[in-house]
Structures are given as C-alpha cells and as structure tokens.
Amino acid sequence: MKFATIQLDGRRAVAVIDPDKKRVWPLESLLGEPVDDLLDVIRRYDEIKGRINVEGEGIGLSRVRLEAPIPRPARNIFCVGKNYHDHAREFAGSGYDSSATGAADAVPALPIFFTKVPESVIGPDEAILYPRGISEQIDYEVELALVIGTGGKNIAPEDAHRHVWGYTVINDVTARDVQKRHKQWLLGKSFDTFCPMGPWVVTADELDPTDLQVKTWVNGELRQNANTRDLIFDIPTLVATASAGITLYPGDIIATGTPAGVGLGFSPPKFLFPGDRVTVEVSGIGALSNTLA
C-alpha cells in the first residue's frame with residue numbers, strides 16, 4: 001500500500017494513493033475517524049490496516065498537492081555516507097572526504113552515520129533554496145530511505161525487517177564546500193530545503209529493497225543509475241548499527257546512501273545552480289522533482 005501526505009482544499013491529510021490510476025483516497029474517509037498525520041498511521045498501523053479498504057472513485061491526483069510523506073520528522077534523519085562501492089571510491093578521490101586518507105580506506109569498514117535536521121525536509125515540486133553567500137557547490141544524492149514502524153534498541157540484524165514499516169525516496173542535497181571546510185557532514189547537509197522527500201511511502205510488504213534501481217536526472221540528463229544490490233552495508237546492518245545503544249522510534253527515517261554519479265564526481269564537477277531541476281527516483285516507489293531557486 002502507498003501512503004501520501006496531501007494538501008486538499010487547503011487542509012493537510014493522509015491518503016492512500018494509486019499512482020497508476022492517479023487517484024487518492026483520504027484515510028479519514030476510509031476509516032471514518034480522524035487521522036492526525038502519517039506518524040499516527042504508523043503507530044496505529046497494526047490496529048487499522050485491516051480496516052483500510054479502498055472503495056469508490058476517490059479523488060483525482062491532480063486535485064491535490066503532494067507534500068513530503070512526513071513533512072516534519074520528529075527527529076533528525078539518520079543518513080549513511082559512502083554506502084555504495086563506486087561512490088565510496090568516487091568520494092575518496094574527490095578531495096572532499098575527511099573520512100578517508102586515500103584509496104586504501106575508501107570503502108568503510110563500518111557504516112558511517114550522520115544526520116540531517118527535520119527542517120531540511122520538503123516535498124515534491126517545492127523549491128530547493130540556493131544558499132547564496134554561504135555555498136557555491138550544491139550537489140544532489142538520490143537515496144532509498146526506510147521508515148521505522150516498530151521502535152527498538154539493540155535490534156539484531158535478523159530482526160530488522162520486523163521494524164521497517166515502509167520505504168520512500170530522499171534527495172540528500174549537500175553543500176560540498178561547507179562539508180569540506182568543516183570536515184564533517186551535518187552542517188553542509190542540513191540547510192533549509194536540503195532534504196526533498198517523497199513522493200509517498202510504500203509499505204514494506206510491497207517492496208524488495210535488495211533489488212531497486214536508484215536514479216538521478218539533472219535538467220533531463222541521467223547522472224546516477226545504480227541498484228541497491230551494490231550497497232556495502234545492507235538494510236539489516238544499518239538498522240542494527242543505528243539502534244546499537246540508541247532507541248529507534250516509529251517514524252524515524254534512515255537514508256541508505258547514494259551511488260556514484262554525484263556532481264563532485266565529474267571532472268570538472270557538475271554542481272547545481274538556480275534554475276536547475278533535479279529528479280530522483282527509486283524503482284517500485286516513484287520519483288520526485290525539485291528546482292533550485
């Protein structure tokens with residue numbers, strides 16, 4: 001099942017969505033009771049999922065505006081750096097990687113985690129704000145992201161699948177010069193609007209995350225094109241690592257990393273500028289596009 005957060009007649013709502021039919025069904029109407037937001041759905045999903053029966057014509061997708069599925073996450077987004085082999089080598093050789101000294105340690109021995117603040121999240125077709133006077137090296141990164149459904153701490157890898165509620169797409173927009181100057185990743189990745197997310201969440205029972213194509217286009221040019229088979233650390237490992245000593249909660253988001261083809265990987269680099277339109281896509285989920293303004 002696919003769940004979206006929408007704006008309909010000036011009001012935010014959670015809806016079941018069928019992208020092929022281009023129809024949405026507000027969840028409140030299907031359940032006959034109020035729904036606060038997608039976090040409310042995730043927390044109560046075991047209770048309500050048997051009552052979600054999509055009936056009737058619904059509402060045309062063109063009548064609503066899609067927002068990020070979780071417009072403001074309750075906590076920072078957990079992000080994983082250098083989690084595709086080709087990108088790890090690409091980044092280590094770029095001069096921007098403070099986590100590696102050269103090709104010998106380009107591929108990390110353990111997952112590298114950082115975070116993006118909740119205020120960075122925007123939805124499909126919202127503008128990415130170019131940080132004039134702060135950065136001139138803006139980059140894109142398509143990522144498969146998972147949404148935690150059942151919280152927990154010290155989760156074993158073999159139990160990780162029971163804690164994942166669904167999957168969405170993230171564009172981990174990055175200010176590379178800020179990242180390089182500060183020798184860490186939070187600041188250059190957490191600017192307002194630097195985390196486009198969407199277009200919806202696909203529940204985990206409908207998706208095999210081990211074999212998905214991840215792609216990015218900039219102004220129609222294909223820049224990234226890889227498969228989640230190439231992940232260095234798989235999703236069970238990431239959930240286990242993130243939860244080791246840290247309690248995960250329903251609605252927490254873990255972005256699994258980006259493949260090669262980011263702007264800094266080209267010679268010369270292909271950074272983003274105002275007016276550029278970036279589309280990121282993960283097969284089985286969907287695509288979202290945003291323009292720099």
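This report looks at a proline, two cysteines and a glutamine. The model is predicted.

**Pro-131**

Pro-131 sits in a loop. That loop runs between strand E8 (121–122) and strand E9 (138–139). Pro-131 counts as buried because its relative accessibility is 9%, and buried means under 20%. Leaving aside neighbours within four places in sequence, Pro-131 is in contact with Ile-138, Phe-191 and Phe-194. Ala-293 is 162 residues from Pro-131 in sequence. In space, the C-alpha atoms of Pro-131 and Ala-293 are 9.3 Å apart.

**The cysteines**

How many disulfides does the structure hold? It holds zero. Cys-79 is in no disulfide, and its nearest cysteine sulfur belongs to Cys-195. Cys-195 is in no disulfide either, and its nearest cysteine sulfur is that of Cys-79. The distance is 6.4 Å, whereas a disulfide needs the two sulfur atoms within 2.5 Å. Cys-79 counts as buried, and Cys-195 counts as buried too.

| Cysteine | Relative accessibility | Status |
|---|---|---|
| Cys-79 | 1% | buried |
| Cys-195 | 0% | buried |

**Gln-7**

Gln-7 lies in strand E1, which covers residues 2–8. Which side chain makes a polar contact with the side chain of Gln-7? The partner is Glu-67, at 2.6 Å. Glu-67 is also one of the residues that Gln-7 touches, not counting residues up to four places away in sequence. The others are Arg-12, Arg-63, Val-64 and Arg-65.

Technical notes. Residues numbered from 1 in each chain as written. Predicted model: local features only at pLDDT ≥ 70, side-chain atom pairs only at ≥ 80, totals over all residues. Heavy atoms only, no water. Helix = DSSP H or I, 4+ residues; strand = E, 2+ residues; numbered from the N terminus. Buried < 20%, exposed > 50% of the residue type's maximum accessible area, 1.4 Å probe, protein only. Contact = heavy atoms within 4.5 Å. Polar contact = N/O pair within 3.5 Å; in protein donor to acceptor, adjacent residues only side chain to side chain.
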